[in-house]
Amino acid sequence: MTLGFFQNSDRCYGCKTCSIACSTHHQLTPGNLLRRVRIARPQEGIGEAYLSMACNHCDDPACMSNCPVRAYAKDPETGLVYQDHSRCIGCQTCVEVCPFHAPCYNPDDATTYKCDGCIDRYRAGLKPVCVNSCPSLNICLETLEHIGQEHPEGLSLKEIASEAGLSRVLSTGPNYSVVLDRDWCVSVFEDIDGSDLILDTGGERY
């Protein structure tokens, strides 16, 4: 069984409730975000598109394979990638190698944090905080099979990247499915915080 996030970007209006609720639940200091809502402009014309993204709990997570102290692990039951903070030395290697910049570095305690899919809540039969907080019900964390059945209008990021030739995205095998807003250009995924189409990276530190 492999879990992944689904988000309907086409129905997202950028309220950032998911991001705020996540930070509050995990008691993160201001500026540290495990889920970010990015805002992008279209390649042509006017408009804005919103995309909520956290960790994509990849098949081959770059954070885990590159961490020098093995602070990351992949849960064999769910595929969720989680972190052992007691091992973290704050080198920020994970931040640099993740194509989606999912880990965030906190200078206050010189360590990194990352979405773990609320794995403790999942084991207790509860949904992630971001899922519960979205006022438009645009986010879910389910098995990839369930997402395919319940959200056939969505596309996996693997499919999107394969069709668009986005090699950096494909390198980790992200488990993320999305219904893209028509104003979101798929090329943004290859450099999700550096693209000139990004108007807002979702946080001041990014």
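**Entry 1. Lining of the largest pocket**

I looked up which strand gives the most to the lining of the largest pocket, and I found β8, with four residues. I note here that the model is a predicted one. Strand β8 covers residues 139-143, and β1, at residues 3-8, likewise supplies at least two residues of this lining. I then listed the lining of the largest pocket, which comes to 17 residues. Nearest the centre of this pocket I recorded Lys127, Val131, Ile139, Cys140 and Glu142. Sorted by class, the lining holds nine nonpolar, four polar and four charged residues. For the space in the largest pocket I noted about 290 Å³.

**Entry 2. Second largest pocket**

I turned next to the second largest pocket, whose volume is about 160 Å³. Which residues line this pocket? I found His26, Leu28 and Leu34, then Tyr82, Gln83 and His85, and lastly Tyr113, Lys114 and Asp116. I divided this lining by class into four nonpolar, three polar and two charged residues.

**Entry 3. Strand β3 and its partner**

I asked how many of the five residues of β3 are buried. The strand spans residues 49-53, and I found five of five buried, so by the under 20% limit on relative accessible area β3 is mostly covered. I checked each face in turn. On one side I saw Ala49, Leu51 and Met53, and on the other Tyr50 and Ser52; these are all buried, and both faces are thus covered.

I also traced the pairing of β3 with β2, which comprises residues 36-40. Five bridges join these two strands, and they run antiparallel. One residue I followed across was Ile39, whose bridge partner in β3 is Tyr50. Tyr50 is also among the buried residues of β3 noted above.

**Entry 4. Cysteines**

I searched for disulfides and counted zero. For Cys67, the nearest cysteine sulfur belongs to Cys91 and lies 6.1 Å away, and Cys67 is in no disulfide. The cut-off that decides this is 2.5 Å between the sulfur atoms. I then asked whether Cys67 is buried or exposed. Cys67 is buried, because its relative accessible area is 14% and the limit for buried is under 20%.

I repeated the search for Cys104, which is in no disulfide either. The nearest cysteine sulfur to that of Cys104 is that of Cys22, at 8.8 Å. Cys104 has a relative accessible area of 1%, and I therefore entered this residue as buried.

How values were computed. Residues numbered from 1 in each chain as written. Predicted model: local features only at pLDDT ≥ 70, side-chain atom pairs only at ≥ 80, totals over all residues. Heavy atoms only, no water. Buried < 20%, exposed > 50% of the residue type's maximum accessible area, 1.4 Å probe, protein only. Pairing = 2+ DSSP bridges. 1 Å grid on protein atoms, 1.4 Å probe; cavity = no way out; pocket = protein on both sides within 12 Å on 5 of 7 lines; lining within 4 Å. Points joined across faces, edges and corners; volume = space filled by probe spheres on them. Nonpolar A, V, L, I, M, F, W, Y, C, P; charged D, E, K, R; others polar.
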